[in-house]
Amino acid sequence: VQLQASGGGLVQAGGSLTLSCAASGRTFNTMGWFRQAPGKEREFVAEINWSISSAKYADSVKGRFTISRDNAKNTVYLQVNSSKPEDTAVYYCAVADRYTGLKARSYDYWGQGTQVTVSS
């Protein structure tokens with residue numbers, strides 16, 4: 001299984017960008033995004049569950065970020081809107097078959113990360 005994340009970059013505060021993560025090998029029930037800022041622990045951002053078509057978000061991004069997936073392409077997306085400097089981090093995609101509890105340790109495979117920098 002390989003996950004290839006892309007779409008990161010530099011954006012001004014208030015701007016938007018879209019992250020993508022394509023999974024190869026097989027499909028997974030849950031696809032999610034985490035992020036890690038310098039000097040901080042990796043934190044949950046959002047996840048989407050295929051079987052029950054539900055999405056969950058961290059409070060810090062709720063209303064600004066949207067997670068979606070294209071099952072035919074085995075790809076998950078993260079639309080970032082109304083970006084803030086505190087959104088600056090390396091964003092990682094991950095996949096899991098089991099219940100995750102929004103915990104990183106519950107995910108089975110991880111992508112390499114893509115840098116998002118929001119300037120003020």
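Q: How many bridges join E1 to E3, and do these strands run parallel or antiparallel?

A: This is a predicted model. As a general idea, the strands of a sheet pair through backbone hydrogen bonds, in either a parallel or an antiparallel manner. In this structure, E1 and E3 run antiparallel and are joined by 5 bridges. To follow one pairing on the display, find Gln4, whose bridge partner in E3 is Ala22.

Q: What is the order of the strands in the open sheet of 4 strands?

A: The order is E1-E3-E8-E7, and the pairing is antiparallel. E1 and E7 each have a single partner strand and stand at the edges, so one side of each lacks a neighbour in the sheet. From one strand to the next, the twist averages 15°.

Q: Which residue of strand E8 could serve as an example of a polar contact?

A: Thr75 belongs to strand E8. Its side chain reaches the backbone oxygen of Lys73 at 2.9 Å. Thr75 has a relative accessible area of 8%, under the 20% cut-off, and therefore counts as buried.

Q: Which way do E2 and E9 run relative to E11, parallel or antiparallel?

A: E2 (residues 9-12) runs parallel to E11, and 4 bridges join them. E9 and E11, by contrast, run antiparallel and are joined by 3 bridges. Val116 in E11 is a useful landmark: Gly9 stands opposite Val116, and Val116 is also the bridge partner of Ala89.

Q: Which side chains along E11 are buried, and which are not?

A: The side chains of E11 alternate between two faces. Thr114, Val116 and Val118 point to one face and are buried. Gln115, Thr117 and Ser119 point to the other face and are not buried.

Q: Which residues touch the most other members of the largest nonpolar core?

A: A nonpolar core is a set of buried nonpolar residues joined through side-chain atoms. Here the largest such core has 32 residues, of which Trp33, Val45, Leu78 and Tyr91 touch the most other members. Several strands each supply at least two residues of this core, among them E1, E3, E4 and E11. E9 gives the most, with 6 residues.

Q: How many aromatic pairs does the structure hold, and why is the pair of Phe34 and Tyr107 called edge-to-face?

A: The structure holds 5 aromatic pairs. For such a pair, one reads the distance between the ring centres and the angle between the ring planes. The centres of Phe34 and Tyr107 are 5.2 Å apart and their planes are at 85°, so this pair is edge-to-face. The two residues are 73 residues apart, and the pair links distant parts of the chain: Phe34 lies in strand E4 (residues 30-36), while Tyr107 lies in the loop between strands E9 and E10.

Q: Are Phe34 and Tyr107 buried or exposed?

A: Phe34 counts as buried because its relative accessibility is 1%. Tyr107 is also buried, because its relative accessibility is 5%. Phe34 and Tyr107 form one aromatic cluster with Phe44 and Trp110.

Q: Over which rings does the charged end of Arg42 sit?

A: A charged side chain may also be read against the face of an aromatic ring. The charged end of Arg42 sits over the ring of Tyr92, 3.8 Å from its centre. The charged end of Arg42 also sits over the ring of Trp110, here 4.8 Å from the centre. Trp110 belongs to the aromatic cluster described above.

Conventions
Residues are numbered from 1 along each chain as its sequence is written. This is a predicted model: local features need pLDDT of at least 70, side-chain atom pairs count only at pLDDT 80 or more; totals for chains, interfaces and linings use all residues. Side-chain values use heavy atoms; hydrogens and water are left out. Rings of Phe, Tyr and Trp (its six-membered ring) pair if their centres lie within 6.5 Å; planes under 30 degrees apart count as stacked, over 60 as edge-to-face and the rest as tilted. Buried means under 20% relative accessible area, exposed over 50%, partly exposed in between (1.4 Å probe, protein chains only). A charge sits over a ring if NZ of Lys or CZ of Arg is within 6 Å of the ring centre and within 35 degrees of the ring normal. A nonpolar core is a set of buried Ala, Val, Leu, Ile, Met, Phe, Trp, Tyr and Cys residues joined through side-chain atoms within 4.5 Å. Two strands pair if DSSP finds at least two bridges between them. Axes are lines fitted to C-alpha atoms, for helices over the stretch in contact, and angles run from 0 to 180 degrees between N-to-C directions. A polar contact is a pair of N or O atoms within 3.5 Å; within protein, one must be able to donate a hydrogen and the other to accept it, and residues adjacent in sequence count only if both atoms are side-chain atoms.
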